[in-house]
Amino acid sequence: MTDQNLAIIVLAAGQGTRMKSSLPKMLHPLAGAPIVGHVLATARALDAAHVLAVVRHERERVASAIEADFPGTVLVDQDEIDGTGRAVELAIAALPEGFDGDVLVLNGDVPLLDADTLAEFLGRHRGTGSAASVLSAVYDDPSGYGRIVRSDAGAFDRIVEQKDATPAERAIAEINAGIYAFGAAALRDQLANLTTENAQGEKYLTDVIGLLRAAGSEVEAVPVAEPWLVAGINDRAQLSEAAARLNALIVRGWQLAGVTIDDPTTTWIDLAVKIEPDVTIRPGTQLKGATVIATGAVVGPDTTLVDCEVGENAEVRRTDGTLAVIGAGATVGPFSFLRPGTVLGADGKIGAFVESKNTRIGEGSKVPHLSYVGDATIGRGVNLGAGTITANYDDVNKHRTEIADQVHTSSHTVLVAPVRLGAGAKTGAGAIVRKDVPAGALALSVAPQRNIEGWVEEHRPGTEAARVAAEARSGERGK
């Protein structure tokens with residue numbers, strides 16, 4: 001049920017210079033979703049009546065990503081005035097007139113904070129009736145963070161930034177996580193009192209906390225159970241740390257759901273992946289995008305699947321696949337390359353060193369090894385010999401190859417598209433097929449073998465090959 005008394009503001013305007021990237025920090029991928037997407041997904045899970053995202057740096061790219069994945073999010077443009085306080089001030093102005101509920105402020109670069117933790121935080125804020133609540137964490141090394149200063153009785157007193165802290169205050173391990181809950185009326189009142197009269201010339205949201213305390217309002221600091229929940233991402237080292245933490249949670253979740261994962265440390269699974277019970281994941285496997293794995297399948301080792309479907313009891317080994325469908329009981333690999341549009345039927349096979357693209361392979365059909373099949377339709381019970389190639393590109397256009405049921409090609413067959421092989425047709429070894437082959441026909445394209453006697457001795461004089469050839473020929477003449 002939508003919480004009509006809740007608005008969530010996601011701060012996503014920062015430049016993120018420490019990422020040293022042409023890609024905006026908010027859009028760096030984490031478990032298959034942009035960093036800011038994780039925060040917005042958490043916001044959506046809280047069923048707030050209003051979700052707003054404040055954007056500025058690379059505005060169009062960030063806004064486009066948000067609108068694509070989270071339609072309905074209100075986008076607020078931060079102006080030339082810097083600071084988190086200004087961002088919240090503009091977002092509050094974008095709320096419906098008269099909104100008097102609670103405002104939850106989240107940072108767009110804190111992706112691991114989950115909805116349950118925030119719901120508990122919000123519930124406590126509402127239960128105490130505080131004008132504001134601050135989410136905090138206890139760090140072994142709090143360097144660089146603002147500290148939570150408490151009274152002798154343990155009540156929240158103030159936030160002090162490290163640069164302004166005394167030695168005793170710097171020794172405090174509880175830090176400000178930068179996540180806040182406010183009553184909307186109290187927040188509006190104090191935002192109006194913010195100034196840019198500081199060294200950075202910015203409006204700071206933390207100053208609102210100080211203004212509320214100075215006005216005699218109650219503020220509470222609520223520590224999270226695990227400090228990593230509020231870890232922000234400012235550089236690529238922190239991104240990799242967050243990715244490892246999130247992946248460990250994802251992998252453990254699938255293990256508890258009945259999936260065997262041999263080596264969690266080398267297995268990477270995106271959030272959108274779906275895996276049924278009794279699947280086995282071997283070491284070195286990456287499951288990305290919207291990949292779906294059906295029960296009984298074995299995937300890996302050393303396999304990457306992106307947006308793929310794997311059927312029941314299929315086996316995929318040492319394979320790279322994107323936008324491919326692998327049928328029930330089928331086998332793929334090792335060293336197979338499945339490009340978009342590959343559909344392998346039930347009990348089919350794509351074997352070692354095979355590349356496929358935009359091809360449907362029928363039930364029980366096999367492409368065992370050393371082949372390329374592109375832009376093809378292959379029927380049931382087909383067996384393509386080693387080195388079979390569909391020559392689908394004429395340097396201008398792509399053409400299709402059609403192979404009917406129960407066709408068998410011999411080794412090193414080249415099918416020059418467009419071409420069709422009828423049901424039950426065969427090809428001879430080394431055949432180059434340029435014309436359609438009728439059902440049940442054998443296609444041959446061979447020239448009589450010609451042996452040129454003495455060629456090596458004449459054209460490679462002085463070589464070891466010429467010497468042994470001469471000896472062999474002399475021996476043959478002496479018989």
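**A walk from an exposed loop to helix 4**

Let's begin out in the solvent: D395 is exposed, with a relative accessible area of 63%. Keep in mind as you look around that this is a predicted model. You'll find D395 in the loop between strand 32 (389–391) and strand 33 (401–403). Its backbone is worth a look too, since phi of D395 is near 85 degrees, a positive value in a residue that isn't glycine.

D47 is another non-glycine residue with a positive phi, here near 55 degrees. This one sits in the loop between helix 1 and strand 4 (48–55). D47 is partly exposed, at a relative accessible area of 36%.

While we're on loops, check the peptide bonds at two prolines. G300 and P301 are joined by a cis peptide bond, with omega at about 10 degrees, and P301 belongs to the loop between strand 18 (298–299) and strand 19 (304–306). Another cis bond links G333 to P334, with omega at about 5 degrees. P334 is in the loop between strand 24 (331–332) and strand 25 (336–338).

Now for helix 4. With 14 residues (115–128) at 1.5 Å a residue, helix 4 should span 20 Å, and its end C-alpha atoms are indeed 20 Å apart. Just at its start, a side-chain oxygen of D114 comes to within 3.2 Å of the backbone nitrogen of D116. After the helix comes G129, which has a positive phi, near 70 degrees.

Which residues of helix 4 are buried? They are A115, T117, L118, F121, L122 and H125. Looking down the axis of helix 4, you'd see these buried residues fall within an arc of 160 degrees, so they line one face of the helix. The general rule behind such a pattern is that an α-helix has 3.6 residues a turn, so residues three or four places apart point the same way. On the face turned away from the buried side of helix 4, you get the exposed residues D116, E120 and G127.

And what do the buried residues of helix 4 pack against? Their partners are helix 1 (35–45) and a set of strands: strand 1 (3–12), strand 6 (102–107), strand 7 (132–138), strand 10 (174–183) and strand 11 (219–223).

One of the buried helix 4 residues, L118, also helps line a cavity. A search of the whole structure turns up one cavity of 30 Å³ or more, and the largest cavity holds about 40 Å³ of space. Its lining is made up of V39, T42, L106, N107, V110, L113, L118 and I179. Helix 1 and strand 6 are the elements that give two or more residues to that lining.

Let's finish with E174, in strand 10. Is this acidic side chain's residue buried or exposed? At 10% relative accessibility, E174 counts as buried. Its side chain has polar company there: E174 makes a polar contact with the side chain of S136 at 2.6 Å, and another with the side chain of R150 at 2.8 Å. Leaving out residues up to four places away in sequence, E174 touches S136, A137, V138, G146, R147, I148, R150, A221 and P223.

Notes:
Residues numbered from 1 in each chain as written. Predicted model: local features only at pLDDT ≥ 70, side-chain atom pairs only at ≥ 80, totals over all residues. Heavy atoms only, no water. Expected span 1.5 Å × (residues − 1). Buried < 20%, exposed > 50% of the residue type's maximum accessible area, 1.4 Å probe, protein only. Arc of directions from axis to C-beta. Contact = heavy atoms within 4.5 Å. Polar contact = N/O pair within 3.5 Å; in protein donor to acceptor, adjacent residues only side chain to side chain. 1 Å grid on protein atoms, 1.4 Å probe; cavity = no way out; pocket = protein on both sides within 12 Å on 5 of 7 lines; lining within 4 Å. Points joined across faces, edges and corners; volume = space filled by probe spheres on them.
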